[in-house]
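Visitor: I should like to take a close look at one part of this model, and then to hear how the rest of the chain is arranged. Please begin with a single residue and work outward from there.

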Amino acid sequence: MSDEGYPRTFDPNFKGPVAKSKVSSQVHSCSSRGIEIRITNRSCTDVLCCIIFILFIIAYILLGLVAWVHGDPRRVAYPTDSKGHFCGQKGTPNENKTILFYFNLFSCTSPSVVVNLQCPTTQICVSKCPEKFLTYMEIQFMYRTNKHYWMYYSQFCKSPFVKPAKTVTQVLLDDDCPIAIFPSKPFLQRCFPDFTTKNGTLTVGNKTIFEDGSGKKRNAIELRRAANRVNKILDARAIGMKVFEDYATTWYWILIGLTIAMLLSWLFVILLRFTAGFLFWVFMVGVIGIIGYGIWHCYQEHSNLQGRPNSHLTIYDIGFQTDISMYFQLKQTWFAFMIILCLLEVFIILMLIFLRERIRISIALLKEGSKAIGYLPTTLIYPVLTFIFLSICIAYWAVTAIYLATSGVPIYKVISPERTCKHENTTCNPEIFNTTEIARVCPGAQCNFAFYGGKSLYHQYVPTFQMFNLFVFLWLINFIIALGQCALAGAFASYYWALKKPDDIPQYPVFTAFGRAIRYHTGSLAFGSLILALIQMFKLVLEYLDHRLKEAQNNISKFLQCCLKCCFWCLEKMVKFFNRNAYVMIAIYGKNFCRSARDAFNLLMRNVLKVAVMDKVTDFVLILGKILVAGCIGVLAFLLFTHRLPVMIEGPTSLNYYWVPLLTVIIGSYLVAHGFFSVYAMCIDTIFICFCEDLERNDGSREKPYFIAPTLHGTLNKMQLVPLKQKE
């Protein structure tokens, strides 16, 4: 890039453009020429990283194609029997058998369930679940008088039999039929006992005590314990079904809420241009009022629970519950919410008191940012493009992960109920298992389906491919965000460095800056996003190790884990901050990533007071704006979903958990507001960087005038953050 106009480095001896004619027109024309040179005379930066990035994308696409060839997502959609066959798959003998049935649920209390994630009992596909209590011994007697009973019982056997001629011992050894069946209901395409509670007593099919087919008496509690071993997340999945029902009931209300949040965010952005000061205090009063309403509501709920049975219990007393509504029946829960909201309210009020002078500067910056967005309205559409790119990446990653997870052929493992077999967890062949030495050495052992895999080179590296899939996903996500930041920074920089606004602003600045970033600086953006992706990958590995080794950790290892997590969290935040400012410098000057990051760091360090006074306080104001949007929509959603607005509008009825759509609306509204205000934040950051550059390169003389807006310059004069007067 040429050294004409504005130099690419921080040169204190730079004297600005040379006069040729009238002073005013000369400065304008030279300034415009300097901007044009910075835009046109560019070269590709960080080419090596660009090549590596493109190769990774090509490899990522090839990985998706290979996974698509080897994977089968039906393995996620359909339950699989002990032979590895799908239940309910069309075109197979199990087409009409859509439900998985367990021969002996009591064997599922074995510790091997936790180790191998499989119940050591035969599992077959059936068309319906049992509806009555029956044992194999009872069927042998009943068959003599009525063959219909055997016809009913035999549908739960591996293969049809003419009559129950085998003894119970033979049935157990050959594993042809269950020795007992219990009243069950299908849940998640699996047969689970039909548990009910009568007068506080757990029953199965109106019975508390029953025979298990081997001559033993069992009770419903034992069966429940066995069922929970099979499906440890049975209750959680039941809640998942209720949550799904709530979403099905309220989806259009959620869309309406998100649409209102979008319109409200857009309205705030427009109003900030004309009434930034007034709107700021609306933000303040609104946020304080919403938090105050939350405190009052928590107090009311706490008071209403006075005297109710069990409301005095603590969260520790009831332990972990999958039914979240139980926590809202405790006084301690509402008291904790009230304390948190009170602390937040006090924090915001103290911030307003101590930062009242700096907030004046933030308001001036907000006004300048509003003018920039007013001249560049297409910047408000750019978050939609970012959302589309992110959605494509997330969908591709999820589909690839599913296809990788379902790659391979069925793998069968030896499973022993008592875990006494020396061949436990070894690979086996179910077709010939009963004739092998393992079946004789380990009576009662089963050769059951375990997972999908294989011995080929591809199958051996599936876990590695999953790691690669996750890493490239993180890299692409960070690259898309970086691309958006660089494109917006280029557009807003063209606004700031235009001496005569809007005449000097180039046409289509957003699309021009976007094309410039893709054409010249893909490598630099990939470099910055690569650093961030590596840090995030290390964080995920730490989280995974912490989850897997949680029970084996001592206090020292837990302390080290917490320290590492804290360090990586701080490192990630710091890298995000420096990357953001580096992208602004890349958009303005077109240097590579390292030089841009160095220049941005040096510039911020030379203006550290301005960073604290102007930039961060403005971020605080924008965060309050996001909270206000989410809070307004959240209060309306709360009143609607709890039927507090019956006079104005009738909300959805019969919700299982009103807080599910409520949290969805609040979080979604915050993300929508974040999308709009992130454009604002990028605008402020870019203007701030350009402002610092402006003060260092110009002295306010007629030959080298400031590009800063006169109104903002006047406000900063009062705060003594810029020279008190321009040089003549």
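Visitor: Where in the structure is the place of leucine 62?

Guide: The model is a predicted one, and in it leucine 62 belongs to helix H2, which covers residues 47-70. Its relative accessibility is 48%, so leucine 62 counts as partly exposed. Leucine 62 also contributes to a nonpolar surface patch of about 710 Å². The other residues that make this patch are Val47, Ile51, Ile54, Leu55, Ile58, Ile61 and Leu65.

Cysteine 44 can be considered next. With a relative accessibility of 48%, cysteine 44 counts as partly exposed. The closest cysteine sulfur to that of cysteine 44 is in cysteine 50, at 7.2 Å, which is too far for a bond. A comparable case is cysteine 298, whose sulfur has its closest cysteine sulfur in cysteine 342; the separation of 8.5 Å is too far for a bond. Cysteine 298 has a relative accessible area of 5% and is buried.

Bonded cysteines do occur, for the structure holds three disulfides. In one of them, cysteine 87 is joined to cysteine 125 with an S to S distance of 1.9 Å. The torsion about this S-S bond is about -75 degrees, so the disulfide of cysteine 87 and cysteine 125 is left-handed. Cysteine 87 is located in the loop between helix H3 (74-77) and strand E1 (99-102), while cysteine 125 is in strand E2 (residues 123-126); the pair therefore ties together parts that are 38 residues apart in sequence. Both ends are buried: cysteine 87 has a relative accessible area of 0%, and cysteine 125 has one of 7%.

Another disulfide links cysteine 129 and cysteine 191, with 2.1 Å from S to S. This link is likewise left-handed, having -95 degrees about the S-S bond. Because cysteine 129 lies in the loop between E2 and strand E3 (134-135) and cysteine 191 lies in strand E6 (residues 190-193), the bond ties together parts that are 62 residues apart in sequence. Cysteine 129 and cysteine 191 are both buried.

The remaining disulfide pairs cysteine 157 with cysteine 177 at an S to S distance of 2.0 Å. Here the torsion about the S-S bond is about 115 degrees, so this disulfide is right-handed. Cysteine 157 lies in the loop between helix H6 (148-154) and helix H7 (168-174), and cysteine 177 in the loop between H7 and strand E4 (180-181), so parts that are 20 residues apart in sequence are tied together. Cysteine 157 counts as buried at 6% relative accessibility, and cysteine 177 is buried with a relative accessible area of 5%.

Further along the chain comes helix H18, which has 35 residues (residues 555-589). At 1.5 Å a residue H18 should span 51 Å, and its end C-alpha atoms are 51 Å apart, so the two values agree. Glycine 590 follows H18, and its phi is positive, near 75 degrees.

The charged pairs complete this account. Side chains of opposite charge can pair when their charged atoms come close. A search of the whole structure finds seven salt bridges. One of them is formed by lysine 565 and glutamate 543, with the closest N and O atoms 3.7 Å apart. This pair links distant parts of the chain, since lysine 565 is in helix H18 and glutamate 543 is in helix H17 (residues 509-548), 22 residues apart. Lysine 565 is partly exposed, with a relative accessible area of 25%, and glutamate 543 counts as partly exposed at 42%. Lys539, Glu572 and Lys576 are also linked, in a network of salt bridges.

Aspartate 599 and arginine 598 meet through their side chains in a salt bridge of 3.2 Å, N to O. The two partners differ in exposure: aspartate 599 counts as buried at 3% relative accessibility, whereas arginine 598 counts as partly exposed at 43%.

Arginine 606 forms a salt bridge with glutamate 696, and the closest N and O atoms are 2.7 Å apart. Arginine 606 lies in helix H19 (residues 593-606) and glutamate 696 in helix H21 (residues 659-697), so the pair ties together parts that are 90 residues apart in sequence. Arginine 606 is partly exposed, with a relative accessible area of 42%, and glutamate 696 is partly exposed, with one of 34%.

Definitions and conventions. Residues numbered from 1 in each chain as written. Predicted model: local features only at pLDDT ≥ 70, side-chain atom pairs only at ≥ 80, totals over all residues. Heavy atoms only, no water. Disulfide = S-S within 2.5 Å. Helix = DSSP H or I, 4+ residues; strand = E, 2+ residues; numbered from the N terminus. Buried < 20%, exposed > 50% of the residue type's maximum accessible area, 1.4 Å probe, protein only. Patch = residues over 30% accessible without salt bridge, like charges linked within 9 Å, V, L, I, M, F, W, Y side chains within 5 Å. Areas by Shrake-Rupley, 256 points an atom, 1.4 Å probe, with all protein chains shown as cover. Salt bridge = Lys/Arg side-chain N within 4 Å of Asp/Glu carboxyl O. Expected span 1.5 Å × (residues − 1).
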